[in-house]
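Here are my notes on the model you sent round. Have a look at the structure first, then read on.

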Amino acid sequence: MSAHYDVLIVGGGIAGLSLVSALAGKCTVALVEAEQELGYHTSSRSARQLIPSYGPAVVQELTRRTLQLMAARDAELPRPVLSPRSFMLIGTEESVLAEGSGQMKPITHAEAMELCPVLVPDSFTAAGLDSGSFGCDAPALLADHRARAEAAGAHIMTGARVHSAQRLGSGWQIGAGQEAFEAAVMVNAAGAWADEVAVISGVEKLGLQPYRRTAAIVDVERPLPEHSPMVAAADQSFYFRREGQGVLISPSEAVPSGPEDAQPRPGDVEQLVAKLNQVTTLGISGVRSAWTGLRTEAADGIPVAGFDAEAPGFYWLAGQSGYGFQTSSAMAELAAAQILAGQGAGPDAAPGSGAGAGPESRTAEALAATRWSIRR
Ligand SMILES: Cc1cc2nc3c(=O)[nH]c(=O)nc-3n(C[C@H](O)[C@H](O)[C@H](O)COP(=O)(O)OP(=O)(O)OC[C@H]3O[C@@H](n4cnc5c(N)ncnc54)[C@H](O)[C@@H]3O)c2cc1C
């Protein structure tokens, strides 16, 4: 016997969890995750920073809306998920101008040194500051989505890898682990595996590409001040920020990979430590932990959200690249509205029209202008 749901979401990272909590209570919904733990892959490996000036215009708009939604939720939580942490870009004038956009404001060299006194003064000539940036308690956010979803009746199952899916009548018949499901809508929120899930389902893949990115927590002789910004090189050669008494560092690499449980490669962290010990006076003395995650992107770098025009009832929620947390609540709001409005809406329908959830039209328009229904 198959369990029947209106919507079945494949993937329990930030994308799937944000959507299940947005849909729960409005329809019958289940989420299946291949691993024993939710958020095991990329969603537990991020730098936990939400940067309004980061990414293409549509990502910046999704970030603005996500911050609004998260701030509203924070007002109801005993401990907020968001905490102010500005973001500073350093480099040459040319590189900072090229990278910094939106609400990133130029600051003087002296102001940059005051904000981050461990920088070696002649390692940069220009800086920009996004003071509307936030740190994000990612584990608490994932846990909150799960708790809200389950409290509203959603079914969440771990250790259940989707191994088969086929169109059946007006819906989908899906095999996950030992279980069988039927659902009117199947959502593909499988991160680096999104193309694989499409293939399993007989849907043409989109050519999503996972890219490796490594990070580490290191011990330092000279800790960063408590409210220091996250600092990133405009040429994308590193970033770092305070993490308790230690420092989180990343070489900002983007190396193509297949979908896998990515792990750091020998030398990645050591080379970065050597570089940071040249451009800062942090005095990195040891590596506490290191990890690698996969940032998965469509060819145009724009997040993928929408029904597949050639596969009725198949909804893509993927390609969040390095912005999966900062776009998550807005993406879930939009996806939930479109799913609730019904697949009948088609590519030309106004996003959210007829949906009870009613995402902010400015955000919906921004996404609709770039991609709403998936057409090849
Ligand atoms: C080093 C690093 C730093 C980052 N920093 C930031 C940051 O500061 N801010 C930010 O916004 N973003 C950041 N990101 C990006 C962010 O982490 C990702 O965009 C986000 O986590 C992607 O979430 P997801 O749910 O799409 O993917 P995932 O978290 O990978 O979730 C997909 C899930 O699908 C499951 N799955 C796959 N196949 C199946 C199947 N067949 N059946 C069932 N389940 C399946 C997987 O097991 C996985 O758990 C960073 C990423 C990295 C690597």
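The points below cover the ligand site and then the second largest pocket.

1. First, a reminder that this is a predicted model. Please keep that in mind when reading the distances below.

2. Start with who surrounds the ligand. There are 38 residues around the ligand, and those that come nearest are Glu 33, Ser 43, Gln 49, Val 162 and Ser 321.

3. Ser 321 turns up again in the polar contacts: one of its polar backbone atoms sits 2.7 Å from an oxygen atom of the ligand. Next door in the sequence, Gln 320 uses its side chain instead, with an N or O atom 3.3 Å from a ligand oxygen. On the nitrogen side, a ligand nitrogen lies 2.9 Å from a polar backbone atom of Ala 47. As for burial, the ligand taken alone exposes 1,000 Å², and the protein buries 97% of that.

4. Which secondary structure elements supply at least two residues each to this shell? They are α1 (14-23) and β18 (284-297). Of the elements, β18 gives the most, with three residues.

5. Both domains take part. Domain 1 (3-45 + 138-208 + 300-370) and domain 2 (87-131 + 209-297) each provide at least three residues of the shell around the ligand. You might want to colour by domain when you look at this.

6. The make-up of the ligand shell is mixed: 16 residues are nonpolar, 15 are polar and seven are charged.

7. Now for the second largest pocket, which has a volume of about 450 Å³. Its lining is made of 19 residues, with Ser 83, Pro 84, Arg 85, Gly 135 and Arg 241 nearest the centre. Three strands, β4 (82-84), β8 (134-136) and β15 (239-243), are the elements that give two or more residues to that lining.

8. How does the lining of the second largest pocket divide by class? It has eight charged residues, six polar and five nonpolar. Two arginines, Arg 85 and Arg 241, are among the residues nearest the centre of this pocket.

Notes:
Residues numbered from 1 in each chain as written. Predicted model: local features only at pLDDT ≥ 70, side-chain atom pairs only at ≥ 80, totals over all residues. Heavy atoms only, no water. Near = heavy atom within 4 Å. Polar contact = N/O pair within 3.5 Å; in protein donor to acceptor, adjacent residues only side chain to side chain. Areas by Shrake-Rupley, 256 points an atom, 1.4 Å probe, with all protein chains shown as cover. Helix = DSSP H or I, 4+ residues; strand = E, 2+ residues; numbered from the N terminus. Nonpolar A, V, L, I, M, F, W, Y, C, P; charged D, E, K, R; others polar. Domains from an automatic or database assignment. 1 Å grid on protein atoms, 1.4 Å probe; cavity = no way out; pocket = protein on both sides within 12 Å on 5 of 7 lines; lining within 4 Å. Points joined across faces, edges and corners; volume = space filled by probe spheres on them.
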